[in-house]
Amino acid sequence: MNRQIQLQDLGNKDYKDTWDYQEALFKEIVDIKIQKRNNPDLVTPNYFLFVEHPHVYTLGKSGDMSNLLLSEKQLEAKGATFYKINRGGDITYHGPGQIVGYPILDLENFFTDIHKYLRFLEEVIILTLAEYDIIGTRSEGETGVWLGVGTPFARKICAMGVRASRWVTMHGFALNVNANLGYFDNIIPCGIKGKAVTSLHVELGREIAEEEVKAKIAKHFSVLFDSVFI
């Protein structure tokens, strides 16, 4: 099993270009897995991409188009794009001030359990938030990380949506760090009505150093997945 993960920070990158890059890495891993049937000594690589996207809305394969509250012209006016994509989950927003993480892993290098994988992703964010004295929790039946669950002020700080095939993952999580929350007003986030969205800088009342947050995420990811970033 290969527990090494190649960490790449793509900076600010167009959503479609990043999606295409994810697909290429995903295919590389799957192709090696197919070849391993005849050559068991082959090793599959793992990747973890950090990225920040220009304003974009994405709709998962089980999502409802009615959760996008903008017309095509209104999208253009806001400088935003829209894509239907092949992850789970409904609609979400990506944009500046948000840390997006895309682990592209061969789970056979770690564990073959998608439920466990999602819970580990949530735990990475929960542990990261704890370093800022913020209590992040899970909300039953709603993947992601929330604050104030069980109160009238429940709000989501990190959305998640993944795809997995042959135990290879893609897509991932989006943590609001210094995000412009106004862009969430144009959707019903994750298709969940009546719940708010928040950002780390709103909760703390100050702008947060995103490189610092990335380092904390990478640290907790490495420990939970018993892995080494290279």
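Here is a walk through this structure, from its overall build down to a few single residues.

What you have is a predicted model, where local features need a pLDDT of at least 70 and side-chain atom pairs count only at pLDDT 80 or more, while totals for chains, interfaces and linings use all residues. Residues are numbered from 1 along each chain as its sequence is written, and side-chain values use heavy atoms, with hydrogens and water left out.

Let's start with the whole thing. The protein has five helices and twelve strands; these are DSSP runs numbered from the N terminus, with helices being H or I of at least four residues and strands being E of at least two. Its radius of gyration is 17 Å, close to the 17 Å from the globule rule for 230 residues, so the protein is as compact as a globular protein of that length. That radius is taken over C-alpha atoms, and the rule is 2.2 Å times the number of residues to the power 0.38. Measure is one thing, outline another: the C-alpha trace spans about 55 × 40 × 30 Å along its principal axes.

Now for inside versus outside. Of the 230 residues, 52% count as buried, which is to say under 20% relative accessible area; exposed is over 50%, and partly exposed is in between (1.4 Å probe, protein chains only). The protein exposes about 10500 Å², with carbon and sulfur atoms supplying 51% of that; the areas come from the Shrake-Rupley method with a 1.4 Å probe, and for residues only the protein chains shown count as cover. As for how the chain meets itself, residues 24 or more positions apart account for 73% of the contacts with a separation of 6 or more, a contact being heavy atoms within 4.5 Å.

On to the interior. In soluble globular proteins, nonpolar side chains tend to be buried together. Here the largest nonpolar core has 35 residues, and Ile125 and Ile217 have the most contacts inside it. A core of this kind is a set of buried Ala, Val, Leu, Ile, Met, Phe, Trp, Tyr and Cys residues joined through side-chain atoms within 4.5 Å. Elements giving two or more residues to this core are β2 (47–52), α3 (114–130), β8 (142–147), β9 (155–165), β10 and α5 (210–224), and α3 gives the most, with eight. Click on Ile217 and, leaving out residues up to four places away in sequence, you'll find it touching Phe48, Phe50, Ile99, Val124, Ile125, Thr128, Phe173 and Leu175. Another core, of 17 residues, lies apart from the one just described; among its members are Tyr15, Val51, Met170 and Ala174.

Two buried residues are worth a look. Thr92 sits in strand β5 (residues 91–94) and counts as buried at 8% relative accessibility. Beyond its neighbours within four places in sequence, Thr92 contacts Val56, Tyr57, Thr58, Arg87, Ala159 and Ile187. Ala179 is in the loop between β10 (168–176) and β11 (196–197), yet counts as buried at 3%. Not counting residues up to four places away, Ala179 touches Pro96, Gly97, Ser199 and His201.

Finally, check the loop between β9 and β10, home to Arg166 and Trp167. Most residues other than glycine have a negative phi. Phi is positive for Arg166, near 55°, and also for Trp167, near 65°. Arg166 is partly exposed at 45%, and Trp167 is partly exposed at 34%.
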